Amino acid sequence: MSYANQQDIQEFYKVAQSRDFARDFLFRIGDISLPDVNFNDSELVYVKSAELPARSITNVATPYMGLDFNVPGNTTYPGSDAYALKFYLDADSALRSKMEQASRTVFNDQFSTGQYNTPLPEHYIILQQLDKALNVTNTYKLVGASIRDIQATSYDMAAGNGGTVELDATISYHYYEMSGKQGNPTATIGENTRPGGAGGFGNF
């Protein structure tokens, strides 16, 4: 096999024309569903920043005669305990009120009750990568979403200049599913599937 290639300026230019680049604003939160709380488009448009989640394969070092053979193990989802979302806070603080409601649904310290069971698959976050026509190219579904933190919301009455206020929250999830134009490496979003025959996916 030959490894010769032309990774030079002209090759870069040619590939850049055909494949272009991902842009940092071509991304949106398509949906958030938490226990007893759903968010509509007029609220989700206030999301300032988010990120695609990470996925890792555990490395299992297997030594023999002093040499470590690196064997793949199980999969983990780093950061799944605290997926961060940053919002513009609306003037009526409706977004924060919804986050407060979600938090108190999980555990209400006034009554010492709550829905702190294992988060269900019908609670999720939908992440969407977009092209320049705002068509969805890839979709990530974070399965088993549950509120964890509502960060302090800061105001500055003395030195403030009328700047917008932000709302930061973290939400946990179990794992993610992905679908998109570049194939279907996990499953159709929303279906419980497992690898089937002929490289396909079989339903549970």
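Two strands are counted as paired here if DSSP finds at least two bridges between them, and that criterion is met by strand 9 (residues 146-150) and strand 10, which run antiparallel and are joined by 4 bridges. The model in which this pairing appears is a predicted one, and its protein of 204 residues, of which 29% are buried, contains 3 helices and 13 strands. Among the contacts between residues at least 6 apart in sequence, 59% join residues that are at least 24 apart.

Strand 10 is a useful place to begin. On one side, strand 10 pairs with strand 9, and within that pairing S146 has S172 as its bridge partner, while I150 stands opposite A169. Strand 10 is also joined to strand 6 (residues 83-88), by 6 bridges and again in an antiparallel arrangement, and here the bridge partner of Y88 is E166. Strand 10 covers residues 166-172, and because 5 of its 7 residues are buried, the strand is largely enclosed by the rest of the structure.

These pairings belong to an open sheet of 4 strands, which has the order 3-6-10-9 and antiparallel pairing. Strand 3 (47-49) and strand 9 stand at the edges of the sheet, and because each has a single partner strand, one side of each is left without a neighbour in the sheet. Neighbouring strands of this sheet are turned against each other by 40° on average, with direction ignored. Helix 3, made up of residues 94-106, lies across strand 6, strand 9 and strand 10, and runs at about 120° to strand 9.

What surrounds S172, a residue found in strand 10? Leaving aside residues up to four places away in sequence, S172 touches S80, D81, A82, G144, A145, S146 and R148. With one of these, R148, the side chain of S172 makes a polar contact of 3.2 Å. S172 counts as buried because its relative accessibility is 7%, and the limit for that class is under 20%.

The aromatic residues give a second way through the model. A pair of aromatic rings is described by the distance of the centres and the angle of the planes. A search of the whole structure finds 6 aromatic pairs. In one of them, the rings of F12 and F21 have their centres 6.1 Å apart and their planes at 40°, so the pair is tilted; that class takes in angles that are neither under 30 degrees nor over 60. As for the accessibility of these two residues, F12 counts as exposed because its relative accessibility is 53%, whereas F21, at 45%, counts as partly exposed. Elsewhere, ring pairs link Y77, Y140 and Y176 into a cluster.

Rings in this model also have lysines placed over them. K98 lies over the face of F39, at 5.5 Å from the ring centre. For Y124, the residue lying over the face of the ring is K141, at 4.9 Å from the ring centre.

Notes: Residues numbered from 1 in each chain as written. Predicted model: local features only at pLDDT ≥ 70, side-chain atom pairs only at ≥ 80, totals over all residues. Heavy atoms only, no water. Phe/Tyr/Trp six-rings, centres within 6.5 Å; stacked < 30°, edge-to-face > 60°. Buried < 20%, exposed > 50% of the residue type's maximum accessible area, 1.4 Å probe, protein only. Lys NZ or Arg CZ within 6 Å of the ring centre and 35° of its normal. Helix = DSSP H or I, 4+ residues; strand = E, 2+ residues; numbered from the N terminus. Axes fitted to C-alpha atoms, helices over the stretch in contact; angles between N-to-C directions. Contact = heavy atoms within 4.5 Å. Polar contact = N/O pair within 3.5 Å; in protein donor to acceptor, adjacent residues only side chain to side chain.
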